[in-house]
Amino acid sequence: MPSILIMKNIIAGYGDVAIVRNVSIAVDKGEIVAIVGPNGSGKSTLLKCLLGFARLFQGQVFYQGRDVTGMASYRLINQGIGYVPQINNVFPNLTIPENLDMGAYHRKGRNSIKTGIKDIYEMFPELEERKNSLAGNLSGGERQMLAIARAMMPQPQVLLLDEPLASLSPKPSSVILSKLTKIKEAGMAIIIVEQNVKKALSISKRGYVLVEGTCAMEGDSELLFSQEGSKQQYLGL
Ligand SMILES: Nc1ncnc2c1ncn2[C@@H]1O[C@H](COP(=O)(O)OP(=O)(O)OP(=O)(O)O)[C@@H](O)[C@H]1O
Ligand SMILES: [Mg+2]
């Protein structure tokens with residue numbers, strides 16, 4: 001079985017500047033893959049170029065065995081690629097169900113959206129408890145949950161998460177991580193970009209270490225984490 005999502009020999013950046021240089025990654029169904037590395041190493045750019053939010057200079061993207069290189073973001077999202085950006089990932093002036101609604105624009109009919117929201121509340125009862133709150137009034141952890149939940153409304157096969165633990169304290173971080181593990185166990189493929197190397201490698205099966213736009217190391221997450229030299233050199237631990 002080929003991986004559900006493959007990015008091959010990616011060169012990407014902004015304007016004329018290539019930031020990510022010749023990076024290849026892949027994720028399977030039911031697998032969490034981590035992309036870690038220092039600030040500015042191109043982790044967000046790698047995710048963004050997939051959806052056309054950064055410029056893809058070269059390389060190919062395969063989804064479910066088909067070449068989807070350069071496909072418009074709304075089509076990719078309709079076809080099952082969910083994306084949670086690093087910043088501005090909820091609508092602060094909308095309530096939780098309104099935010100979820102915004103994630104479901106492709107779903108036909110109110111009933112389908114209602115069912116979608118019900119399923120989401122099963123996975124995230126924390127959100128149902130606060131459903132009348134504006135997203136802007138949620139705690140950091142709740143907000144990240146909402147961002148993930150919104151991306152799940154179109155029932156994706158793959159989830160791309162850009163720093164879902166950013167600035168969260170340990171408790172909400174572990175809540176998010178246990179949700180992600182459950183989502184994975186339900187068969188989803190997850191790519192998680194994280195500054196928190198230890199946590200990202202703890203829930204992922206495999207990892208890629210990006211340094212200055214290139215892949216410095218890749219492999220089994222446990223092994224990556226246990227390589228002393230790499231920890232200091234690349235991971236800043
Ligand atoms: N919109 C943009 N236009 C031009 N350059 C950008 C843009 N966004 C990011 N960059 C540059 O690209 C490089 C890589 O940024 P990127 O956001 O991909 O890094 P990152 O690994 O996600 O970092 P962080 O861990 O801080 O989120 C940085 O040097 C950054 O300044
Ligand atoms: Mg980033």
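**View 1. The exposed and buried faces of helix α4.** In this predicted model, Asn 111, Thr 115, Lys 118 and Glu 122 are exposed residues on the face of α4 turned away from its buried side. Now look at the buried residues of α4: they are Gly 116, Ile 117 and Ile 120. Why do they sit on the same side of the helix? Their arc around the axis is only 95°, and that puts them on the same side of α4. If you wonder how a helix manages this, an α-helix has 3.6 residues a turn, so residues three or four places apart point the same way. What covers these buried residues includes α3 (96–102), α5 (125–129) and α6. As for length, α4 runs through residues 110–123, which makes 14 residues. Its first and last C-alpha atoms are 20 Å apart, close to the 20 Å expected at 1.5 Å a residue.

**View 2. Helix α7 and what packs against it.** Here's another helix to check with a ruler: α7 covers residues 170–185, 16 residues in all. At 1.5 Å a residue they should span 22 Å, and the end C-alpha atoms are indeed 22 Å apart, so the two values agree. Which residues of α7 are buried? They are Ser 173, Ile 176, Leu 180, Ile 183 and Lys 184. These cover an arc of only 100° around the axis, so they end up on the same side of α7. Their packing partners are β3 (32–36), α6 (140–152), β7 (158–162), β8 (189–193) and α8 (197–203). Flip your attention to the face turned away from the buried side, and you meet the exposed residues Lys 171, Ser 178, Lys 182 and Glu 185. Just past the end of α7, Gly 187 takes a positive phi of about 110°.

**View 3. Two loop residues with a positive phi.** Most residues other than glycine have a negative phi, so exceptions are worth a look. Gln 155 isn't a glycine, yet its phi is positive, about 55°. You'll find Gln 155 in the loop between α6 and β7. With 14 other C-beta atoms within 10 Å, Gln 155 counts as partly exposed. The second case is Ser 167, also not a glycine, with a positive phi near 55°. Ser 167 belongs to the loop between β7 and α7. Is Ser 167 buried or exposed? It has 10 other C-beta atoms within 10 Å, so Ser 167 is exposed.

**View 4. An open sheet of four strands.** Follow the strands across the sheet and the order is β2-β1-β4-β5, with antiparallel pairing. At the edges stand β2 (17–27) and β5 (66–67). Each of these has a single partner strand, so one side of each is left without a neighbour in the sheet. Between them, zoom in on β1 (residues 5–14) and β4 (residues 55–63): these antiparallel strands are joined by 7 bridges. To spot one pairing, start at Gly 13, whose bridge partner in β4 is Arg 55.

**View 5. The residues around ligand 1.** Around ligand 1 you'll find Tyr 14, Ile 19, Gly 37, Asn 39, Gly 40, Ser 41, Gly 42, Lys 43, Ser 44, Thr 45, Gln 86 and Gln 195. What kinds of residue make up this shell? There are 9 polar, 2 nonpolar and 1 charged. Helix α1 (residues 43–50) supplies the largest share of the shell, 3 residues.

Conventions
Residues are numbered from 1 along each chain as its sequence is written. Chains are lettered from A and ligands numbered from 1 in the order in which they are written. This is a predicted model: local features need pLDDT of at least 70, side-chain atom pairs count only at pLDDT 80 or more; totals for chains, interfaces and linings use all residues. A residue is near a molecule or strand if its C-beta atom, placed from the backbone, lies within 6 Å of it. Ala, Val, Leu, Ile, Met, Phe, Trp, Tyr, Cys and Pro count as nonpolar, Asp, Glu, Lys and Arg as charged, and the others, Gly among them, as polar. The expected span of a helix is 1.5 Å times one less than its number of residues. A residue is buried if 20 or more other C-beta atoms lie within 10 Å of its own, exposed if 12 or fewer, and partly exposed in between; C-beta atoms are placed from the backbone. The arc is that of the directions from the helix axis to the C-beta atoms. Two residues are in contact if their C-beta atoms, placed from the backbone, lie within 7 Å. Two strands pair if DSSP finds at least two bridges between them.
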